[in-house]
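The following note sets out points on fold, surface, cysteines and charged pairs for the colleague reviewing this entry. Please read the points alongside the sequence and the coordinates.

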Amino acid sequence: KVPTDSPEIETLRGEIVALNAQLQRQENSAELNSFRKRYSLENAVLAKIFARNLDSASEILVDAGSRHGAREGMVAIYKFQIVGQVIEVHDESCKIMLITSPSSSASAYVASGGHNGIVQGRGPKGAPEFKHFNEQIPLNKGDLILSSGQGTVFPEGFCLGKITADRAPGSDEPVFLEPLAPFDKIKFCHLVDREKLGTAAD
């Protein structure tokens, strides 16, 4: 009988833990891989989020670095949603500035009407805000705000958030957004080059 504290048993336990972790990673990233098949994500890097700065709502760290193909300026996306931009790269990891950061802004438009505006992060102050749009247009709760691609950072047609409340024409109420998938729940994301995004051929 092999003692339960023997080196052989400890080795087997370690292998079981490693296998379970690998299976969990595969399950968690399955949906992203399905999304990846629907889009031509050339040179996309699948990355796991392992640290979050939720107090400032500004940054996350992921386990993909330069040795995995990550580069400064790449865009982090989760399915149809923009997460942020890579701002710092190391060998084994990189830092992503979230679109909720006060330093983040993106040209955008309302999916339902095509009206242009800007999405500005607010950090610990709260949700991103949709600004600089025609204030005489009505906006409805749940309207999607998409990236227009007119800036230098984010590609066109990806979601920046959805409007949290109705807004009547001429109202001076601010327009706040919430993500389709809460950033504190996301476990993985893709890092992609803006110029190499496109829909896969049918």
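1. Helices (H or I, at least four residues) and strands (E, at least two) are taken here as DSSP runs, numbered from the N terminus. On that basis the chain has one helix and 12 strands. The helix comes at the N-terminal end of the order of elements, which reads α-β-β-β-β-β-β-β-β-β-β-β-β.

2. The model is predicted, so local features need pLDDT of at least 70 and side-chain atom pairs count only at pLDDT 80 or more, while totals for chains, interfaces and linings use all residues. Residues are numbered from 1 along each chain as its sequence is written, and side-chain values use heavy atoms, with hydrogens and water left out.

3. Of the 202 residues in the chain, 39% are buried (under 20% relative accessible area; exposed is over 50%, partly exposed in between; 1.4 Å probe, protein chains only). The exposed area of the chain is about 11,200 Å², with 49% supplied by carbon and sulfur atoms (Shrake-Rupley method, 1.4 Å probe; for residues, only the protein chains shown count as cover).

4. Taking contacts (heavy atoms within 4.5 Å) between residues at least 6 apart in sequence, 58% join residues at least 24 apart.

5. How many disulfides are found in the whole structure? The search returns zero, a disulfide being a pair of cysteine sulfur atoms within 2.5 Å. The cysteine sulfur closest to that of Cys 94 belongs to Cys 189 and lies 7.6 Å away, which is too far for a bond. Cys 94 is buried at 1% relative accessibility, and Cys 189 is buried at 0%.

6. The structure contains five salt bridges (a side-chain nitrogen of Lys or Arg within 4 Å of a carboxyl oxygen of Asp or Glu). One of them pairs Arg 67 with Glu 92 at 3.4 Å, N to O. Arg 67 sits in the loop between strand 2 (59-62) and strand 3 (75-78), and Glu 92 in the loop between strand 4 (81-89) and strand 5 (94-98), so this pair ties together parts 25 residues apart in sequence. Arg 67 is exposed at 59%, whereas Glu 92 is partly exposed at 44%.

7. Another salt bridge joins Asp 193 and Arg 71 at 2.4 Å, N to O. Asp 193 lies in the segment after strand 12 (188-192) and Arg 71 in the loop between strand 2 and strand 3, 122 residues apart. Asp 193 is buried, with 13% relative accessible area; Arg 71, at 38%, is partly exposed.

8. Glu 88 and Lys 95 also form a salt bridge, with closest N and O atoms 3.7 Å apart. Glu 88 is partly exposed at 31%, and a network of salt bridges links Glu 59, Glu 88 and Lys 95.
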